[in-house]
Amino acid sequence: MIDGAHLILYSRDAEADRAFFRDVLGFDAVDAGHGWLIFALPPSEAAFHPAENDGRTELYLMCDDLTATMAELKAKGVRCGAVHEERWGVVTTIALPGGGAVGLYQAKHPRATSRS
């Protein structure tokens with residue numbers, strides 16, 4: 001029945017963030033018309049966390065080795081935030097050219113995408 005998900009990130013500079021996802025992070029994309037890129041993302045997971053208010057959404061990219069991934073990103077001129085430990089993973093943020101940020105973490109929990 002459901003065969004995919006579409007994630008929307010709002011940005012003050014969507015063109016710069018699209019170029020970043022394409023050129024720096026290396027995600028494949030299709031042009032939906034007039035240069036409007038839609039990106040293929042790596043295998044994904046969804047989790048529901050308790051909250052006082054509905055509607056908050058966050059994007060975290062995942063990696064197997066946070067230190068190595070941060071070094072690769074730094075070599076491409078990407079700024080990452082401070083690293084901190086959480087119960088569920090080792091976490092940083094990636095600064096986006098449009099002024100936003102996405103999370104990046106190395107999971108300590110089993111990954112749903114690893115299931116066969």
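**Figure 1. Overall arrangement of the predicted model.** Read along the sequence, the elements of the protein chain succeed one another in the pattern α-β-β-β-α-β-β-β, and the model shown in this and the following views is a predicted one. Two helices and six strands make up the secondary structure of the chain. The C-alpha trace extends over about 45 × 40 × 35 Å along its principal axes, and 23% of the 116 residues of the protein chain count as buried. Where contacts in the chain join residues at least 6 apart in sequence, 43% of them link residues that are at least 24 apart.

**Figure 2. Helix 1 and the glycine that follows it.** Helix 1 covers residues 14-24, and its buried residues are Asp17, Arg18, Phe20, Phe21 and Val24, a group in which both charged and nonpolar side chains are found. The cover over the buried residues of helix 1 includes strand 2, residues 37-39, together with strand 5. After helix 1 comes Gly26, which has a positive phi near 75 degrees.

**Figure 3. His34 in the loop between strands 1 and 2.** His34 is placed in the loop that runs between strand 1 (29-31) and strand 2, and with a relative accessible area of 88% the residue is exposed. The phi of His34 is near 60 degrees, which is a positive value in a residue other than glycine. Measured in sequence terms His34 and Ala71 are 37 residues apart, while in space their C-alpha atoms are 34 Å apart.

**Figure 4. Surroundings of Thr92 in strand 5.** Thr92 belongs to strand 5, which comprises residues 89-95, and it is buried, with a relative accessible area of 1%. The side chain of Thr92 comes to 2.7 Å from the backbone oxygen of Gly81. When residues up to four places away in sequence are left aside, Thr92 touches Leu66, Met70, Cys80, Gly81, Ala82, Val83, Val102, Gly103 and Leu104, so that Gly81 appears both in this list of contacts and as the residue whose backbone oxygen the Thr92 side chain reaches.

**Figure 5. Cys63 and Cys80, two cysteines without a disulfide.** A search of the whole structure returns zero disulfides. Cys63 is in no disulfide, and the nearest cysteine sulfur to its own, that of Cys80, is 9.4 Å away; because a disulfide requires a pair of cysteine sulfur atoms within 2.5 Å, this separation does not qualify. Cys80 is likewise in no disulfide, its nearest cysteine sulfur being that of Cys63. Cys63 counts as buried at 9% relative accessibility, whereas Cys80, with a relative accessible area of 24%, is partly exposed. Cys80 is also among the residues that Thr92 touches.

**Figure 6. The second largest pocket and its lining.** The volume of the second largest pocket is about 270 Å³. Its lining consists of 13 residues, and those that lie nearest the centre of the pocket are Leu25, Phe27, Leu61, Met62 and Thr69. Two or more lining residues are given by each of strand 3 (60-63) and helix 2 (66-75). Sorted by class, the lining of this pocket holds 10 nonpolar residues, one polar residue and two charged residues.

Note on methods: Residues are numbered from 1 along each chain as its sequence is written. This is a predicted model: local features need pLDDT of at least 70, side-chain atom pairs count only at pLDDT 80 or more; totals for chains, interfaces and linings use all residues. Side-chain values use heavy atoms; hydrogens and water are left out. Buried means under 20% relative accessible area, exposed over 50%, partly exposed in between (1.4 Å probe, protein chains only). Helices (H or I, at least four residues) and strands (E, at least two) are DSSP runs, numbered from the N terminus. A polar contact is a pair of N or O atoms within 3.5 Å; within protein, one must be able to donate a hydrogen and the other to accept it, and residues adjacent in sequence count only if both atoms are side-chain atoms. Contact means heavy atoms within 4.5 Å. On a 1 Å grid over the protein atoms alone, a cavity is a set of points where a 1.4 Å probe fits but cannot get out, and a pocket is an open set with protein on both sides within 12 Å along at least five of seven lines; lining residues have an atom within 4 Å of a point. Grid points are joined across faces, edges and corners, and a volume is the space filled by probe spheres set on the points.
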